[in-house]
Amino acid sequence: MNVVLNAAQSVGKTLRNSIINSLGAIGLVTHSASNLRALGIQPVRSVFFRQVYFTGYEALGYVTAIAVLIGVAIVTQVSNITGNNVVLTGRVLVWSVMRELGPLITAILVASRSSTAITSELGTLKVRREIDVLESMGIEPLDYLVLPRILGLMVSCLVLTIYFQIICIVGGFALSSFIMGFPFWSNLDEVFYSLSLFEIAISVAKSLAFGLLIAAVSCQHGLGVTQSITEIPRATSRAVVRTFLLLFFLDSVVTLVSFL
Amino acid sequence: MIKLADLSTKSLSCISLHVPVGALATARFTSTSAKDEFMQVLLGHGLPRGGTVELLSKDIHSLPRAERIGLFTDIAVVWNHGGLISNLKLWENLCLPVCYHHNVQPSTLEEQAVEIFHKLGKPRKWLEERAARLPSSVPEHHAALFGLARAMLMAPGLVIYDTILEDLEPRTAALAADLIVQFHRALGNRTSLMLCTLPEHEASMPATLRFVQDGDNLIQREQ
């Protein structure tokens, strides 16, 4: 009986924390959306550019490598099943990369780097009472710390997703044509014929939503640290796990709504 | 400008004091913990057990959060450890509040900053050598000087100094005390409150009002 009660309590506590965290993250997004003009302030803009540099520019190297490898894997698998059917291989690559893998894998890569960085950075500021210092300078911490990070991650996610998709498709075809003798240019032609405006719009919407989600959850967990420095690693790992869960959940919902 | 009515914290009770516009006041505490508690409540970061705190004629604890933060555009707090933001370079820390509230480029503040540090006995080269460093790479008493210079660049109407002189080397402390007095007098109606725990630092301020902790109370001492 005690075991059942403890399990129920644990589930209840987890559920309550999840609701509180979700409401907190929604609150941060709402605040940022209603204070967009703060981006016109020089130090806020500076944090925004720094975030784009860290999340977007510095991730280009390994996004390139992963995009090429995934492109090669998809082309190899599909051509193996379809027996070197150039048209079908091209379509499957475009559909899978544009609709699903591009936004999702980019978001996972962004979350694995930036979610941990944002949570630990904000957690440290909170523990060292530097949030209080910002307030005592008349600076709204949410405008200065959260807004530029949310916008920075949204922009970075969008740009990296487009970059990932281009590299994945072009790189996949290039390497496959080199290794398997696929006609490179006719494959690329297929890409343009397979793409629709709707698919591009969904891909853009997904990447923006993923960037927003990663930033909001990470900021919420970072600012949720209260007193001790030992809370920071726990908050960081919780932020990453919740971000991944929510990313997959959101991706499934958008895919179901858009393509079913 | 600063008005406390029957203010009680964990270790202080029923403090009533008034620092009028243009006054230079000191408040000496018997312990750092009592001073820290007082500071938290004074800035609205902690709730008092009772009583009210008015800064710039506004009850700090009854204001909505956004309005309370907005009030600090004309109040500067000089923390004893500098109060610098750890992920910003020292130069960025120095310019942050001015750039934030007046939307100016940091480069426009360079000459003013050099002049402040010159008065603290630190030449331009000293500042340039440290400007690109993070706060963790300089000793706390240097960080305190950057905190002091940051407050001065803000040119506020009310300045609260948190035991700023106590960790400085004697010569720098003397220069800082002079600069604080000059800064106070530069604007006719500037109000300054210096919190301290050591009598010698209290004595270094030509204060018009002096408050001293006596047991759990803060009493005004006759000049």
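# Working through a two-chain model

Helix α1 (residues 32-42) of chain B sits across β1, β2 and β4 (50-55) of chain B, and runs at about 120° to β1(B). Keep in mind that this is a predicted model. Here are some exercises to try, with solutions.

## Exercise 1: the sheet under α1(B)

Work out the strand order of the four-stranded sheet in chain B and find its edge strands.

Solution. Start with the order: this open sheet reads β2-β1-β4-β5 (chain B), and its pairing is antiparallel. Next, look for strands that pair on one side only; these are β2 (15-19) and β5 (58-59) of chain B. Now zoom in on one pair. Strand β1 (residues 2-8) of chain B runs antiparallel to β2(B), and four bridges join them. To get your register, use I2(B), whose bridge partner in β2(B) is V19(B).

## Exercise 2: the six-stranded sheet

Which strands of the six-stranded sheet in chain B stand at the edges, and what does that leave them without?

Solution. First write down the order, β6-β7-β8-β3-β9-β10 (chain B), an open sheet with mixed pairing. The two ends of that list are your answer: β6 (75-78) and β10 (217-221) of chain B each have a single partner strand, so one side of each lacks a neighbour in the sheet. As for twist, neighbouring strands here are turned by 20° against each other on average, ignoring direction. Finally, check a pair inside the order: β3 (residues 24-28) and β8 (residues 191-196) of chain B run parallel and are joined by five bridges. One spot to look at is R28(B), which stands opposite C196(B) in β8(B).

## Exercise 3: two helix pairs around α6(B)

Classify how α6(B) packs against α7(B), then do likewise for α5(B) against α6(B).

Solution. Take α7(B) to begin with. Helix α6 (residues 140-154) and helix α7 (residues 170-186) of chain B pack at about 10°, with axes 12 Å apart. Angles under 35 degrees count as roughly parallel, so α6(B) and α7(B) are roughly parallel to each other. Who touches whom? From α6(B) come L145(B), L148(B), A151(B) and M152(B), meeting T172(B), A176(B), L179(B), I180(B) and F183(B) of α7(B). Sorted by type, that contact has eight nonpolar residues, one polar and no charged.

Now the other pair. Helix α5 (residues 124-131) of chain B packs against α6(B) at about 105°, and their axes are 13 Å apart. That makes α5(B) roughly perpendicular to α6(B). The contact brings W126(B), L127(B) and R130(B) of α5(B) up against H142(B), L145(B) and F146(B) of α6(B). This contact divides into four nonpolar residues, one polar and one charged. Notice L145(B): it is listed in the contact with α7(B) and in the contact with α5(B).

## Exercise 4: chain A and its interface

Describe chain A, then size up its interface with chain B.

Solution. Chain A is quick to describe: nine helices and zero strands. Its C-alpha trace spans about 65 × 60 × 30 Å along its principal axes.

For the interface, count residues, then area. There are 25 residues of chain A in contact with 28 residues of chain B. About 2,300 Å² is buried between the two chains, 54% of it from carbon and sulfur atoms. Within chain A's share, E135(A), S136(A) and M137(A) supply 26%, more than any other three residues. Last come the charges: four salt bridges are found across the interface. One of them links E135(A) to R68(B), whose closest N and O atoms are 3.4 Å apart.

Notes
Residues are numbered from 1 along each chain as its sequence is written. Chains are lettered from A and ligands numbered from 1 in the order in which they are written. This is a predicted model: local features need pLDDT of at least 70, side-chain atom pairs count only at pLDDT 80 or more; totals for chains, interfaces and linings use all residues. Side-chain values use heavy atoms; hydrogens and water are left out. Axes are lines fitted to C-alpha atoms, for helices over the stretch in contact, and angles run from 0 to 180 degrees between N-to-C directions. Angles under 35 degrees count as roughly parallel, over 145 as roughly antiparallel, 65 to 115 as roughly perpendicular and the rest as oblique. Contact means heavy atoms within 4.5 Å. Ala, Val, Leu, Ile, Met, Phe, Trp, Tyr, Cys and Pro count as nonpolar, Asp, Glu, Lys and Arg as charged, and the others, Gly among them, as polar. Two strands pair if DSSP finds at least two bridges between them. Buried area is the accessible area (1.4 Å probe) that two parts lose on being put together, summed over both. A salt bridge is a side-chain nitrogen of Lys or Arg within 4 Å of a carboxyl oxygen of Asp or Glu.
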